[in-house]
Amino acid sequence: EKGWQEAIEIVTAARKNSGRDIHLVLVGDGAEHDRLAKLQLPAFVHLKGFQRNVRAYFAVADFGLLPSKFLGESSPLVVIECLQAGSPVLASALGDISYMLSSPDGTAGIMVELNGGKIDIDLWAREIATLASDKHACEILNSRVHRAAQKFDANIMTTKYDNVYRSVWSESEQSIISSSSGRSVANNCVTLV
């Protein structure tokens, strides 16, 4: 459902359409990895298996690719990892991916709609061929990545959670607890992260 076979077909078509030497690096393990490992893959497809530091691969990539057809897709971690590594993402328009890629400056990637629940190989190939041939379009997407990734910064998220918890902790609740125990609880408050 993550679209690895389609990704190979997409990149094959994008290479043909653009005349560019585009490579596809597939990182991860599981049944699809095992199936593909038994095949004679094109030289531009690099099957890497499980990797502890996926972000290192995204950091050297021009963009991440997630041609998912999993209709239950919500907030894929791979999108967060790609953004935090500094690369834009080309992904299926599913779940919260549009929010994840959003930034005040615009989208930090390209979202492609499914066609009847399937990946439209030609449409995806055209998008990749355009990115491979248009340096300015890539620069625009890259310029938006940092601000989109900030939504997932652990320090910022912790501060936002802390602010929400503190706003719920109203003055009246503090008064009730303080008067019933004879001491102020506000000074003994600990925030857990």
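**Exercise 1. Around Leu90**

Leaving aside its neighbours within four places in sequence, which residues is Leu90 in contact with? Work out where Leu90 sits as well.

*Solution.* Keep in mind that you're looking at a predicted model.
- Step 1: find the residue. Leu90 belongs to strand β4, which covers residues 89-92.
- Step 2: check its cover. Leu90 has a relative accessibility of 0%, so it counts as buried, the cut-off being under 20%.
- Step 3: list the partners. Once neighbours within four places in sequence are set aside, Leu90 is in contact with Phe63, Gly64, Leu65, Leu66, Ile110, Val112, Trp124, Glu127 and Ile128.
- Step 4: pick one partner and look at the spacing. Ile110 is 20 residues apart from Leu90 in sequence, yet their C-alpha atoms are 4.7 Å apart in space.

**Exercise 2. The whole chain**

Find how many helices and strands the protein chain has, and in what pattern they follow one another.

*Solution.*
- Step 1: count. The protein chain has 9 helices and 5 strands.
- Step 2: read along the sequence. The pattern goes α-β-α-β-α-β-α-β-α-β-α-α-α-α.
- Step 3: look at burial. The chain has 193 residues, and 35% of them count as buried.
- Step 4: look at the contacts. Take those with a separation of 6 or more: 58% of them are between residues 24 or more positions apart.
- Step 5: turn to the outside. About 11600 Å² is exposed, and carbon and sulfur atoms supply 52% of that.

**Exercise 3. Two helices that pack**

Describe how α1 and α6 pack, and say which residues meet.

*Solution.*
- Step 1: decide what to report. Two packed helices are described by the angle between their axes and the distance between those axes.
- Step 2: fill in the values. Helix α1 (residues 4-18) and helix α6 (residues 121-133) pack at about 50°, and their axes are 8 Å apart.
- Step 3: name the arrangement. The two helices, α1 and α6, are therefore oblique to each other, and their crossing is right-handed.
- Step 4: list the residues that meet. From α1 come Glu6, Glu9, Ile10, Val11, Ala13, Ala14, Asn17 and Ser18, while α6 brings Ile121, Trp124, Ala125, Arg126, Ile128, Ala129 and Ser133.
- Step 5: sort them by class. The contact of α1 with α6 has 9 nonpolar, 3 polar and 3 charged residues.

**Exercise 4. Inside α4**

Say which residues of α4 are buried and what covers them.

*Solution.*
- Step 1: α4 spans residues 77-84, and its buried residues are Val79, Ile80, Glu81, Cys82 and Leu83.
- Step 2: their cover includes α3 (54-60), β3 (64-66), β4, α5 (97-101) and α7 (135-149).
- Step 3: look past the helix. Gly86 follows α4 and has a positive phi, near 95°.

**Exercise 5. Buried or exposed?**

Sort His33, Asp29 and Gly72 by how much of each is accessible.

*Solution.*
- Step 1: His33 lies in helix α2 (residues 31-37). Its relative accessibility is 16%, so His33 counts as buried. Not counting residues up to four places away in sequence, His33 touches Trp4, Gly28, Leu47 and Gly49.
- Step 2: Asp29 is in the loop between β1 (24-27) and α2. With a relative accessible area of 55%, Asp29 is exposed. Beyond residues up to four places away, Asp29 touches Gly49 and Phe50.
- Step 3: Gly72 is in the loop between β3 and α4. At 46% relative accessibility, Gly72 counts as partly exposed.

Terms used: Residues numbered from 1 in each chain as written. Predicted model: local features only at pLDDT ≥ 70, side-chain atom pairs only at ≥ 80, totals over all residues. Heavy atoms only, no water. Helix = DSSP H or I, 4+ residues; strand = E, 2+ residues; numbered from the N terminus. Buried < 20%, exposed > 50% of the residue type's maximum accessible area, 1.4 Å probe, protein only. Contact = heavy atoms within 4.5 Å. Areas by Shrake-Rupley, 256 points an atom, 1.4 Å probe, with all protein chains shown as cover. Axes fitted to C-alpha atoms, helices over the stretch in contact; angles between N-to-C directions. Parallel < 35°, antiparallel > 145°, perpendicular 65-115°, else oblique. Left-handed = near helix turned anticlockwise from the far one by under 90°. Nonpolar A, V, L, I, M, F, W, Y, C, P; charged D, E, K, R; others polar.
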